[in-house]
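This briefing covers a strand and its partners, the surroundings of a ligand, one loop residue and the overall fold. Please read it alongside the sequence and the model.

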Amino acid sequence: AAAEPRTPTGAVPSADDATTAQQGERLTTSQGARLRDTDHSLRAGARGPVLLQDHHLREKITHFDHERIPERVVHARGAAAHGVFESFGTAASVTCADFLAPGRRTEVFTRFSTVVGSRGSMDTARDTRGFATKFYTDEGTFDLVGNNIPVFFIQDAIKFPDVIHAAKPHPDREIPQAQSAHDTFWDFVSLHTEAQHHTIWFMADRGIPRSFRMMEGFGIHTFRLTNADGETSLVKFHWKPLLGVHSLTWEEAQMIGGTDPDFHRRDLADAIEAGAYPQWELGLQVLPDDPEQMFDGIDLLDPTKIIPEELVPVQRVGRLTLDHNPRNYFAETEQVAFHPGNLVPGIDVTDDPLLQGRLFSYLDTQITRLGGPNFAQLPINRAHAPVNDMLRDGYGQQADHAGVAPYRPNSLDGGCPFTAGADEHAFEDLPVRVAESVRERRNPESFSDHFTQPRMFWASMTDVEKAHIVSAYAFELGRCYETTIRERQLACLAQIDPELCRGVAEALGLPAPKSPDLPDVTPSPALSQVGGTWPVAG
Ligand code: HEM
């Protein structure tokens, strides 16, 4: 058979499809009227002025003028791929989510991203990476919107605008574009010390991954699962790359950033095109749903804390394989809309105050970014389960809804019952206990230890990893203009570890503040990229 026509990137050209805009061979206006010429505007004589009546000219330029949409307010730069998730069935005892039942295969779309840089920034900047997966399940869409670092900067979503304002380029000079080497970033993390844990993770090699294919992913928050018997447990989600976790050295990241700013997106697309499909195993750390929601002194509602894998092993529940590239970057990678509130029966949220704020933010921002409230109808965002909602009209409406009564029950349109029956496996909000006293604007005491886990992270590193961490802090802090900010961050490092603090202080030419008496920590080998390689399932 004749080879399929391919674009230079290997994708099948979309004209093969009867998409709304590329039917037939002849060029037309958007109304389907055939065009004789698209290279010359209509003029009063060959050398005369252009006529306003040139509808084709106006349509072509007007459309072009409106081609750009706002980039994501965070995670603007990304690359994505389609794939499949195969369930091992091992999660069936903890969740009734159908896509985790034995033998299920679910189509997915995964988008990787940097957080801070703009859409045109370089891939190899030191930053956290987003790792968001849309599972198009038979019970509705489930989004796991995580990062490659298992903790977050802040504990409460109300600070999210603040940490992002601090991390984005300075408002006066709009620099630096995609690095954390600036005063406002270090000002924030040294004043809001809960950010120190996340910061040491991305000052380590995890901040400059070798490839999206070689990153872990984490759901970060604790989620609540329900099984078929209605029993609940608390879980953390983990993605483990079968290629292992690998990073660039700082020097490599800098050189590649200059010579190939698209390094990570090219790597992902090329690997898939070559048939070297990246794979991850999805794992769960399962904890009892005890009313305190604590484990070994760790508050499970605090997104700046991990549960060491040595204490609660990660159990494999399925495998993700990314096996085909998007055909059109804008239609798919740019227009995809993830939301941590896209849940399916068997998976629910907890009261983590960071997660609670996220539940509001994504839908809200996407109404602006994607031009109105109907972006769930875009092909990439359409559920693969049947949709029958009562949402109507609005900008960008694609549906031609039948009937006259978008309310339930009704006596005009067949009036289906208001709720699904219990046997229909509908999403159920789990009742949760709330505190007796409500309306409190303060953190619990259990959110107040900001240094023990960063110390555990440092203590778990090999010597080479430690040397990289010291150089990273020294480089990034060395770019700050304000000495007081460097000194305040050194004081934070002194509370993490004296050796770390001394190393950075020496490189900066500043005195090292004295560390207080620091309690011992037990290293967690899984935190090291050297010690923590995921054993591939036999
Ligand atoms: C986008 C992860 C916290 C607001 C994203 C994306 C990821 C992500 C991966 C990119 C999704 C994509 O590829 O399209 C996380 C994680 C968080 C976190 C793991 C903490 C555990 C927050 C918080 C807020 C927030 C606290 C706000 C209160 C946003 C917004 C976007 C975004 C507005 C852009 C969404 C869009 O335009 O489609 N986040 N995020 N995130 N995040 Fe978060």
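Strand β6 runs antiparallel to strand β7 (residues 232–241), and four bridges join the two. The model is a predicted one. Strand β6 also pairs with strand β12 (residues 347–348), again in the antiparallel sense, over two bridges.

**Strand β6 and its partners**

- In the pairing with β7, R224 stands opposite L234.
- Five residues lie between β6 and β7, which form a hairpin.
- Within the turn of this hairpin, G230 has a positive phi of about 80 degrees.
- In the pairing with β12, the bridge partner of L225 is I347.
- Side chains in a regular strand alternate between the two faces of the sheet.
- In β6 (residues 223–226), F223 and L225 are on one side, while R224 and T226 are on the other.
- These four residues are all buried, and both faces of β6 are thus covered.

**Around the ligand**

- The ligand has 29 residues around it, of which H75, R111, G130, F160 and S361 come nearest.
- Two or more residues of this shell come from each of β2 (105–114), β3 (129–137), β4 (140–147) and α8 (353–369).
- Helix α8 gives the most to the shell, with eight residues.
- Sorted by class, the shell around the ligand has 14 nonpolar residues, eleven polar ones and four charged ones.

**Loop residue V116**

- V116 sits in the loop between β2 and β3.
- Is V116 buried or exposed? It counts as buried because it has 23 C-beta neighbours inside 10 Å, and the cut-off for a buried residue is 20 or more.
- V116 and Q177 are 61 residues apart along the chain, and their C-alpha atoms are separated by 8.0 Å.

**Overall fold**

- The protein has twelve helices and twelve strands.
- Its radius of gyration is 26 Å, and the globule rule gives 24 Å for 538 residues; the two values are close, so the protein is as compact as a globular protein of that length.
- Taken along the principal axes, the box filled by the C-alpha atoms is roughly 85 × 65 × 55 Å.
- Of the 538 residues, 38% count as buried.
- Among contacts with a separation of 6 or more, 71% are between residues 24 or more positions apart.

Terms used
Residues are numbered from 1 along each chain as its sequence is written. This is a predicted model: local features need pLDDT of at least 70, side-chain atom pairs count only at pLDDT 80 or more; totals for chains, interfaces and linings use all residues. A residue is near a molecule or strand if its C-beta atom, placed from the backbone, lies within 6 Å of it. Ala, Val, Leu, Ile, Met, Phe, Trp, Tyr, Cys and Pro count as nonpolar, Asp, Glu, Lys and Arg as charged, and the others, Gly among them, as polar. A residue is buried if 20 or more other C-beta atoms lie within 10 Å of its own, exposed if 12 or fewer, and partly exposed in between; C-beta atoms are placed from the backbone. Two strands pair if DSSP finds at least two bridges between them. The radius of gyration is taken over C-alpha atoms; the globule rule is 2.2 Å times the number of residues to the power 0.38. Two residues are in contact if their C-beta atoms, placed from the backbone, lie within 7 Å.
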